[in-house]
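Please provide a briefing on the local architecture of this protein, arranged by topic for use at the bench. The points should cover backbone geometry, strand pairing, helices and internal space.

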Amino acid sequence: MESGLRSRSLALKPIETKTKAASIEEYDMLTVEDEPLSPTARLFHDTRFDVHAIAVMACKTRISPQPVKDKLVQTLLKHPRFTSLMVVDENNLADMKWVQTKVDLDQHIIIPEVDETQLESPDKFVEDYIYNLSKTSLDKSKPLWDLHIVNVKTRDAESVAVFRVHHSLGDGTSLISLLLACTRQTAHDLKLPTIPTKKRRPTPSGYSEKEGSLFLGAFWLFIVMLFNTAVDVFMFVITIIFLKDTKMPVSAMPHSESPKARRIVHRIISLDDLKFVKNAMDVTINDVALGLTQAGLSKYLNRRYAVIGGEDKGATEKNNNLPNGIRLRSCLVINLRSSAGIEDLADMMENGSKGKRGWGNWFGYVLLPFKIALRDDPLNYVKEAKATVDRKKRSFEALFTLTMAELLIKFFGVKVATAVTVGVFSNSTICFTNLVGPQEEIGFCGNPITYFAPSAYGQPSKSAIVLRLERIEHVLDTIFPTVSAEDSTEYALFDKVAYQKHLDDATSAQCVMLSSMTLELQRQHENMGPNEMLEHLKSLYDSQSQTIEYELLRDLFKCKLNNEGQVSAHVLKMIGLIERLALIPL
């Protein structure tokens, strides 16, 4: 065995193991068994697509660390992915493998020390904590996951747990299923959550057995799906090459080196309300959710276009300010699994089995067009969403994208596959997905859960726009030009092209500035142009700059790591202070 370990260390890139004062190794190899990373998992280790999944669990009680550790030893640590290191062959960098190791839970469970009496807004503190967390990547010298326990009372909960996992360990369905397998129903401590099963709906083709044409209907549906797939693949390819969405307030600059940091915001809506619309219109929950998103985007964009240049063109519900021909598409992530597999995962962890049934990255994505328009009847948004989704269901696009990614990695390498994936995400506008949740109230390690909000960061940005890279900062220094009357002499000499460019640049700058403000500041500045915003902000905060700078420097100099403190939490706190200090004008 010893010789086997030595020979293996020659083939694999060495993993640095640091020892403490007592010379106790934090991570020791358990076995020489290993498993190569799947093609999709390797894709997530490219620096341009270094994606992390993150789940925010808000609890009704304060979270005690020790019961969490005891629970994870009996559940999560029995899963091979969460006790494995990702190692790379030093002779072949494309050869990545999972190799098992011992896990020190103290290095994975992080508990920041927070003085709640000093917090102006606990909800903002938690939001900022997750935002700063998204600026960092998981340490690849350890298994690629961690759990942050933030015992801060927020508006909706007494404490928050933030579970972070590298996306190469599994897709969203796998990871959420695993987390749910670690929870139990609050009404029955020994029962797993119940996941709703997918009911078969009538095929949209319109053929039935009663008409005696089942075979003909199936054949015709297959032909339609082949045709739709060909169209979707064509659109997919030209999107990779050149077809971009319309530049609008919610767009990011294509192929920009945008920071991977994400400000993650969640909102809770009533599932009963969604079900009411679903049952009344005979659609799915997904149709309602998509229609709701489509309606919200339409109204938001209409409001943003209404206040371009600081001139309010009227109530957004009455006046249509949207330009014609808006192209806005979403990368809709599709789960290709047959079931969530909670029972299988729970049995695997309970029995200590190393099986991985239903585990890994098994998803595709499709380009889903959003119809941006104002409708008199809100239910029309749901009808349009259903028609779009039904059309996409009659296509093999999701399966094609999964197969294409695997083939590109196999024959051309990870860099080519990443370039293709980043191209699709960059030329579309948003990413849209959903995950199934439990039907009952659940608890995590004895703590009843208020809400469970999964998300991700590290994928190409869809919201951040860098003003300096787009060279539109001129709108901050110049007042918005006025348009002369059409019958005047000045109008004949008016540069309409330059005016339109200034108009477009002002729109982009205005949206970036508003997105970085609090809700109260957004309300104060939503009808102002970029130049007016800047001047008004200067009048509000210039006098406070010296005081704020002094307070930040004082906190930074006092920021010392306690003997029992977590290094990562200390570093995140210092990063936040330094970034806030850098924002203060000299």
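Asp-282 lies in the loop that links helix H7 to helix H8. In this predicted model, Asp-282 has a phi near 55°, a positive value in a residue other than glycine. Its relative accessibility is 55%, above the 50% cut-off, and Asp-282 therefore counts as exposed.

**Backbone geometry and loops**

- Most residues other than glycine have a negative phi.
- Cys-445 also carries a positive phi, of about 55°, although Cys-445 is not a glycine.
- The position of Cys-445 is the loop between strand S12 (442-444) and strand S13 (447-457).
- Cys-445 has a relative accessible area of 19%, which is under the 20% limit, so this residue is classed as buried.
- Gly-413 occupies the loop between helix H11 (397-412) and helix H12 (414-427).
- With a relative accessible area of 22%, Gly-413 falls between the 20% and 50% limits and is therefore partly exposed.
- The C-alpha atom of Gly-413 is separated by 9.2 Å from that of Leu-43, a residue 370 positions away along the chain.

**Strand S6 and its partners**

- Strand S6 comprises residues 145-150, and six of its six residues are buried.
- In a regular strand the side chains alternate between the two faces of the sheet.
- One side of S6 presents Trp-145, Leu-147 and Ile-149, the other presents Asp-146, His-148 and Val-150, and both faces are covered.
- Strand S5 (residues 109-110) pairs with S6 in the parallel sense through two bridges, and Ile-109 stands opposite Leu-147 there.
- Strand S7 (residues 159-166) pairs with S6 in the antiparallel sense through six bridges, with Phe-163 of S7 opposite Leu-147.

**Internal cavity**

- The model holds one cavity of 30 Å³ or more.
- The largest cavity encloses about 30 Å³ of space.
- Its lining consists of Leu-72, Leu-76, Leu-147, Phe-163, Leu-179, Cys-182 and Phe-444.
- Leu-147 and Phe-163 are thus linked in two ways, as residues opposite one another in the S6 and S7 pairing and as members of the cavity lining.

**Strand S9 and its partners**

- Strand S9 (residues 328-335) runs antiparallel to strand S10 (residues 363-370), and eight bridges join them.
- Within this pairing, Val-333 of S9 is opposite Tyr-365 of S10.
- S9 runs parallel to strand S11 (residues 430-432), to which three bridges join it.
- Cys-331 has Cys-431 of S11 as its bridge partner.

**Helix H10**

- Helix H10 (residues 379-393) has 15 residues and spans 21 Å from its first C-alpha to its last, close to the 21 Å expected at 1.5 Å a residue.
- The buried residues of H10 are Tyr-381, Val-382, Glu-384, Ala-385, Thr-388, Val-389, Asp-390 and Lys-392.
- These buried residues pack against helix H6 (214-241), helix H7 (271-281), helix H8 (285-306), strand S10 and helix H11.

**Annotated segment**

- An unreviewed UniProt entry lists residues 214-243 as "transmembrane region".
- In the model, residues 214-243 are 93% helix and 0% strand, and the C-alpha atoms at the two ends of the segment are 39 Å apart.

Note on methods: Residues are numbered from 1 along each chain as its sequence is written. This is a predicted model: local features need pLDDT of at least 70, side-chain atom pairs count only at pLDDT 80 or more; totals for chains, interfaces and linings use all residues. Side-chain values use heavy atoms; hydrogens and water are left out. Two strands pair if DSSP finds at least two bridges between them. Helices (H or I, at least four residues) and strands (E, at least two) are DSSP runs, numbered from the N terminus. UniProt positions are given in the numbering used here, feature names are shortened, and annotations may be inferred rather than shown by experiment. Buried means under 20% relative accessible area, exposed over 50%, partly exposed in between (1.4 Å probe, protein chains only). The expected span of a helix is 1.5 Å times one less than its number of residues. Contact means heavy atoms within 4.5 Å. On a 1 Å grid over the protein atoms alone, a cavity is a set of points where a 1.4 Å probe fits but cannot get out, and a pocket is an open set with protein on both sides within 12 Å along at least five of seven lines; lining residues have an atom within 4 Å of a point. Grid points are joined across faces, edges and corners, and a volume is the space filled by probe spheres set on the points.
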